[in-house]
Amino acid sequence: MTGTGAIPRPRDEAVAEFAAVWNRTLPAGTSFVPGGRARRRQLLEGFAQRLVDALRDGDFDRQAGYRVGQDMVLAALADPRILLVSLRVLREQLLSAVGLHEARPASRLTELLDELAHGFTTAMRTEVWSAAESINRGERSAWRDRQRDLERQVRHALLHDPLTGLPNRAALTALLDGLPATATPGARLGLCLINLRRFTAVNQLLGHDAGNQLLLGVARRLGDVAAERGYDLAHLGGDTFVLVVPDTAGADEAIKAADAALSALPSPWPIDGHDVPIAGRAGIVERAVAGASAGELLRQASMALDWARHDATAWALYNPGRATAHLRRHQRANALAEALAAGAVTLAFQPIVSLDDHGIAGMHALPRWVHPATGPVPEAELLQLAEQSGLLIQLGHRLLADACARAAAWQAHNAAPIVSLDLTAAQLRHPDLVRTVTAVLDRTGLPPAKLHLAVPEHALHDPADAIAFALDGLDRAGVRIAVTEVGMGHANLTANPVHSVRLDSQLITGLTRTSPAHRSNLSMATWLIAMFHDLSISVTATGVDHRDQTTALQVLDCDHGLGRALGKPMTGDAADTLFGIRRPPA
């Protein structure tokens, strides 16, 4: 009820639709609500709204579930079958019906349903004792038996998956959290988090009934493995299962358990006349029981499962060192947006040197970022972090603008070196690349021919038309295209507008006289330089870090070199000074 002048709360249509489903699902003859099904639906909509509000509330109140359970009994929805069906429907459909899919609402829902069942049974118990005051001893005993049976059913419903009948996350959590108190000193355990590949495709193409058939089949197969080997098996929902391997003597036992489980899943799997290609993937943890908790074990197994997906392997074993590196990358990715906003990502410039007269032909721009907690971030990792964080285009635009502004200032002081900047394949595929580059050139006044954009050789293998379109657009705008990592791949450079190439640093490393690959790399470099010169393409050697490499490249008539033997990276201000620009102190 709202007070005088209060604004009624707008109806949540998603909650209303869910309440209609909940209402239709309740067994016939189990409620005696005055007003019939319409009134019952109205009540259920109110209960569902209260649960959804609790899920969304920043100050989570799990007792909201307890109050809903009590109010269901008070509203004459007091049959045990109503509780069991309601728990199943709420667990399986409420979150998706109202668009809540994150991990926190799922864990909150589990707590709310636990309290709902508690409130329901408590209210039922109160009604039982009230009724018992007016009935004879035999009837009172029957009421007590019914109450105990109801509580057993509720406990089972709360701790088991309704589809497979396997222990659920709550039961697994109780099992794992209880192990340290009962384990012998030095005891170890393994945990295998098993996920099905292509399960979503089964649901989408064949429907949820086919998906449920698949899950039941997988549960049976994994159950056989668990029973035969003495493992515990749980179903966390969806296509995720967990094997708990007790008393392991090392990681090999947990790996063997994962292999046995994955081998029990044949592919293809026959479903409704279709042979469905299906396979599993596992994240494995093997560790001491002491100090273990369900949350930590599942977090570590989930991280290992992500590694298996990333590495395209059947399984991955949790490794603390890799986890530390993973966490460090995560911390850096989170800090990158803030660093970009604060101007903390800068450019260093390394001279591109003409090998015939040792003059500076250009400057190669290198992104630099020092993370405040974890230190300098290598260029390759910085670009990868930016791509994973959705910041690559923003970062690339910032670096391009800074590099062109510097180079334009050098031009204004009668220094005429080119500036080069690396692009990733993802940047090349972006539809606004050419427009962005030309806009920066117009704004800074840098002649297009003075900008060299370097693309990795492997990007030319990409069949996407967007890359060819971008290269053609940049060429027509007058920007020079350089191809990097040349010498180790097989791209057809003549099919693209290429003005210069950079020989791969691995090839240049072999030019050192002490290198075992000296003779073969020298032969390869000789052939490449001659071939590109025949195509009127200039050649730059990268990774020139030793004097004998410089000497060899001069003999081979290589045009330019880039490396520490020719010039180390310097700050933008140092590059300005090199070209005679004196900026006032900040």
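A crossover is right-handed if, with the strands pointing away from the viewer, the path from the first strand over the helix to the second runs clockwise. Helices (H or I, at least four residues) and strands (E, at least two) are DSSP runs, numbered from the N terminus.

The model is predicted: local features need pLDDT of at least 70, side-chain atom pairs count only at pLDDT 80 or more, and totals for chains, interfaces and linings use all residues. Residues are numbered from 1 along each chain as its sequence is written, and side-chain values use heavy atoms, without hydrogens and water.

**Exercise 1.** Place strand 6 among its neighbours.

Solution.
- Strand 1 (residues 188-197) pairs with strand 6 in the antiparallel sense over 10 bridges. Pairing takes at least two DSSP bridges.
- Arg197 has Ala279 of strand 6 as its bridge partner.
- Strand 7 (residues 315-317) runs parallel to strand 6, joined by 3 bridges. Ile284 stands opposite Leu317 in strand 7.
- Strand 6, helix 11 (residues 294-311) and strand 7 form a left-handed β-α-β unit.
- In strand 6 (residues 279-288), 8 of the 10 residues are buried, so the strand is largely enclosed by the rest of the structure. Buried means under 20% relative accessible area, exposed over 50%, partly exposed in between (1.4 Å probe, protein chains only).

**Exercise 2.** Classify the aromatic pair of Phe18 and Trp22.

Solution.
- Rings of Phe, Tyr and Trp (its six-membered ring) pair if their centres lie within 6.5 Å; planes under 30 degrees apart are stacked, over 60 edge-to-face, the rest tilted.
- The whole structure holds 4 aromatic pairs.
- Phe18 and Trp22 are tilted, at 5.9 Å centre to centre and 45 degrees between the planes.
- Phe18 is buried at 3% relative accessibility; Trp22 is buried at 0%.
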